[in-house]
Amino acid sequence: MKTRYLLSIDQGTTSSRAVVFSVDGKPVACVHEEFTQHYPDNGWVEHDPADIWRTVLSTCKQALAQLQLCAADIIAIGITNQRETTLVWDRATGEPLYNAIVWQDRRTTAYCESLYSEHTEALITAKTGLLLDPYFSASKIRWILDQVPGARARAERGELAFGTVDTFLLWKLTQGQVHRTDATNASRTMLFNIHSQQWDDELLQLFDIPASMLPEVLDSSADFGMTAAELLGGAIPVYGMAGDQQAALFGHACFEQGMAKSTYGTGCFLMLNTGDLPLKSANRLLTTVAYRLNGQVTYAIEGSIFMAGATMQWIVEGLKLLRHAGESEAMVKDVPLDHGVFLVPSFTGLGAPYWDPNARGAILGLTRDSGISTIVAAALQSVGYQTKDLQKAMERDGLRPKVLRVDGGMVKNNWVLSFLADILGAVVERPQIIETTALGAAYLAGLHAGVYHSTSELAAMWHCERRFEPSICTEQRNHLYAQWQHAVAQVRL
């Protein structure tokens, strides 16, 4: 019998990736393509929807071609995506009304501030688990409806569709036949009630968004539809869908309450499984849907950091201190941890637990002894310090992960993970397969296809490649972190 595979579409903030997995969870082909970031104004971040679709289709075709596979060799497709990024398009033509407004975008800060009251934020948090912030999709949708001529009237007539990137890709893959999302992506829009698992009429009214724009919400492992045959040489079912951080949690097999993962991609996202309880944070962390299987919801607490890999991208492309991020480990290997320089990468504001959209980046503590290697080390350490911010917030909520499973491009760097273990005072585990986000989407697709029969079966497939344990004392850890907190306070003045 011919070997068959699962195909993951991993559509990220700076690139699109297609990964073919064997049924035992091994990546056997991987293709990625970067695309252009657009910054039309201060704090604005956009993507051309045509770039998103072009790179997704191209990487899928190349991944299949690498192994000389045809559509019949693929059991099912799983989609995972940059979350909160917002698209609105014409239902008849499929043409977007405007560029995709990226999750990092802060253009709706003033609007969110104008809407703010303790009652309004309490209402939003109670229903969605989120905070009133430009990060989420709701205010971005409203901006498009208000700023694109004729958009609101067209939306009221039912002519427009909204989607996060997963929904947009599904629409394109099915050539406009299917308008669906999953519960994890819906939970990041600020329009979805995570308790009733329904779009919320009161929130739609608050943001003045017609319900007709919204996609149908399914489980994360479900029948999302069939791809149009001409795209990949045959129709393939789409059976899995989850936002990238939830997919990573799933790929890490964090199925038990208290298990946690942290992903270091463009941003950094620490997510802890809270089981069937949507625990409310008292420390400005987010309550979100981790995944929904067979109608049963598993929840998580999440802390979101906007700049992780993106900080290194700035070091490479903006400051040109490195030719590529992979050079950083060798450059900083002899830099002491307490070199005194702190880079606070609040280029698009600060995420959890601060939620300060007006903070801006800074490098502090420079002396004549400071050089390129010190600044690069400070950039890498900023990721660990920000993760510490999230860990401390979770601790105050009574949730302290003792072991952290990690993934994302930055985790190839042993120096980064060694520092992460030191500053957290926790064990950090790097898996054998670091394409964890794509793997989670493949697992979700495989579950619905019957390739896998339970999450316990998937848990047995997770294997650690290397453990990093703390090597500094509590006193040094606390001293370093106190200096970081002082640096953050400077950019929030």
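Let's start with Glu84, which counts as buried at 2% relative accessibility. This is a predicted model, so treat what follows as a tour of that prediction. Along the way you'll meet 31 salt bridges, 23 aromatic pairs and a nonpolar core of 108 residues.

**Glu84 and its surroundings**

- Look for Glu84 in the loop between β5 (74-81) and β6 (87-90).
- Which residues does Glu84 touch, once neighbours within four places in sequence are left aside? The contacts are Ile101, Trp103, Tyr135, Phe136, Ser137, Lys140, Thr164 and Arg188.
- With one of these, Arg188, Glu84 shares a side-chain polar contact of 2.7 Å.
- Glu84 and Arg188 also belong to a network of salt bridges, together with Arg83, Asp244 and Glu302.
- Arg83, another member of that network, sits over the face of Phe269, 5.3 Å from the ring centre.

**The aromatic cluster**

- Trp103, Tyr135 and Phe136, which Glu84 contacts, turn up again in a cluster linked by ring pairs.
- The cluster is made of Trp103, Tyr135, Phe136, Phe269, Phe306 and Trp355, so Phe269, the ring under Arg83, is in there too.- Tyr135 and Phe136 form a tilted pair, with 4.7 Å from centre to centre and 45° between the planes.
- Are those two rings buried or exposed? Tyr135 counts as buried at 0% relative accessibility, and Phe136 is buried with a relative accessible area of 0%.

**Salt bridges elsewhere**

- Side chains of opposite charge can pair when their charged atoms come close.
- Glu46 and Arg107 make one of the salt bridges, and their closest N and O atoms are 2.8 Å apart.
- That bridge links distant parts of the chain, 61 residues apart: Glu46 is in strand β4 (residues 46-47), while Arg107 is in the loop between β7 (100-101) and α2 (109-115).
- Glu46 is buried, with a relative accessible area of 5%, and Arg107 is buried too, at 11%.
- Arg107 also lies over the face of Trp143, at 4.6 Å from the ring centre.
- Arg152 and Asp208 meet in another salt bridge, at 3.3 Å from N to O.
- Here again distant parts of the chain are linked, this time 56 residues apart: Arg152 belongs to helix α5 (residues 151-156), and Asp208 to the loop between α8 (201-207) and β12 (216-218).
- How covered are these two partners? Arg152 counts as buried at 18% relative accessibility, whereas Asp208 counts as partly exposed at 34%.
- Glu395 and Lys392 form a salt bridge at 3.8 Å, N to O.
- Both Glu395 and Lys392 lie in helix α13, three residues apart, or about one turn of the helix.
- An α-helix has 3.6 residues a turn, so residues three or four places apart point the same way.
- Both ends of this bridge count as partly exposed: Glu395 at 28% relative accessibility and Lys392 at 26%.

**The nonpolar cores**

- In soluble globular proteins, nonpolar side chains tend to be buried together.
- Which members of the largest nonpolar core touch the most other members? They are Leu191, Phe207, Met213, Tyr264 and Ile315, out of 108 residues.
- Helix α13 (residues 372-396) gives the most to this core, with eleven residues.
- Apart from this core lies another one, of 40 residues, including Ala18, Ala29, Cys60 and Phe224.
- For a feel of the packing, take Ile315: leaving aside neighbours within four places in sequence, its contacts are Lys320, Leu321, Leu322, Leu343, Ile375, Val376 and Ala379.

**Helix α10**

- How many residues of helix α10 (residues 244-251) are buried? Eight of its eight residues are, and the helix is mostly covered.
- The buried residues are Asp244, Gln245, Gln246, Ala247, Ala248, Leu249, Phe250 and Gly251.
- Asp244 should ring a bell, as a member of the salt-bridge network with Glu84.
- Just after α10, Ala253 takes a positive phi of about 60°.

Terms used
Residues are numbered from 1 along each chain as its sequence is written. This is a predicted model: local features need pLDDT of at least 70, side-chain atom pairs count only at pLDDT 80 or more; totals for chains, interfaces and linings use all residues. Side-chain values use heavy atoms; hydrogens and water are left out. A nonpolar core is a set of buried Ala, Val, Leu, Ile, Met, Phe, Trp, Tyr and Cys residues joined through side-chain atoms within 4.5 Å. Buried means under 20% relative accessible area, exposed over 50%, partly exposed in between (1.4 Å probe, protein chains only). Helices (H or I, at least four residues) and strands (E, at least two) are DSSP runs, numbered from the N terminus. Contact means heavy atoms within 4.5 Å. A salt bridge is a side-chain nitrogen of Lys or Arg within 4 Å of a carboxyl oxygen of Asp or Glu. Rings of Phe, Tyr and Trp (its six-membered ring) pair if their centres lie within 6.5 Å; planes under 30 degrees apart count as stacked, over 60 as edge-to-face and the rest as tilted. A charge sits over a ring if NZ of Lys or CZ of Arg is within 6 Å of the ring centre and within 35 degrees of the ring normal. A polar contact is a pair of N or O atoms within 3.5 Å; within protein, one must be able to donate a hydrogen and the other to accept it, and residues adjacent in sequence count only if both atoms are side-chain atoms.
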